Amino acid sequence: MDLHDKEIEIMLEHKNLLTEFYHDWLDCDTPLGESLRENLQESVAIITRYYENKSRGDER
């Protein structure tokens, strides 16, 4: 995956990254091979938004 520097930084700081990815994958109905990349990309986007909102003081 091609991640932006900010996404890499956030992923490295996230304490339960694999658990987060796993739970996001559990919610997916497609086979692993087809969905893994998409699920990881979506997880990165969700975690990145969370950390960006948290750093702004907006925890939605």
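Is Arg49 buried, partly exposed or exposed, going by its relative accessibility? Keep that question for the salt-bridge stop, and begin with the whole chain.

This is a predicted model, in which local features need pLDDT of at least 70 and side-chain atom pairs count only at pLDDT 80 or more, while totals for chains, interfaces and linings use all residues. Residues are numbered from 1 along each chain as its sequence is written, and side-chain values use heavy atoms, with hydrogens and water left out.

**The whole chain.** Show the protein as a cartoon, and you will find three helices and zero strands, arranged along the sequence as α-α-α; helices (H or I, at least four residues) and strands (E, at least two) are DSSP runs, numbered from the N terminus. Switch to a surface, and about 4900 Å² is exposed, of which carbon and sulfur atoms supply 50% (Shrake-Rupley method, 1.4 Å probe; for residues, only the protein chains shown count as cover). Of the 60 residues, 23% are buried, where buried means under 20% relative accessible area, exposed means over 50%, and partly exposed lies in between (1.4 Å probe, protein chains only). Among contacts (heavy atoms within 4.5 Å) with a separation of 6 or more, 54% join residues 24 or more positions apart.

**The core.** Next select Ile10, Met11, Leu17, Phe21, Val44, Ile47 and Tyr51, the seven residues of the largest nonpolar core; such a core is a set of buried Ala, Val, Leu, Ile, Met, Phe, Trp, Tyr and Cys residues joined through side-chain atoms within 4.5 Å. The elements that each give two or more residues to this core are α1 (5–13), α2 (17–26) and α3 (32–56), and the largest share, three residues, comes from α3. Centre on Val44, which touches Met1, Leu3, Glu7, Met11 and Phe21 when residues up to four places away in sequence are not counted.

**The aromatic pair.** Tyr51, already selected as a core residue, also leads to the one aromatic pair in the structure. Its ring and that of Tyr50 have centres 5.5 Å apart and planes at 90°, so the pair is edge-to-face (ring centres of Phe, Tyr or Trp, the last by its six-membered ring, within 6.5 Å; planes under 30 degrees apart are stacked, over 60 edge-to-face, the rest tilted). Tyr50 is partly exposed, with a relative accessible area of 37%.

**The salt bridge.** Finally select Glu42 and Arg49, whose side chains meet in a salt bridge at 3.9 Å, N to O, the one found in a search of the whole structure (a side-chain nitrogen of Lys or Arg within 4 Å of a carboxyl oxygen of Asp or Glu). Glu42 is partly exposed at 43% relative accessibility, and the opening question is answered here, since Arg49 counts as partly exposed at 44%.
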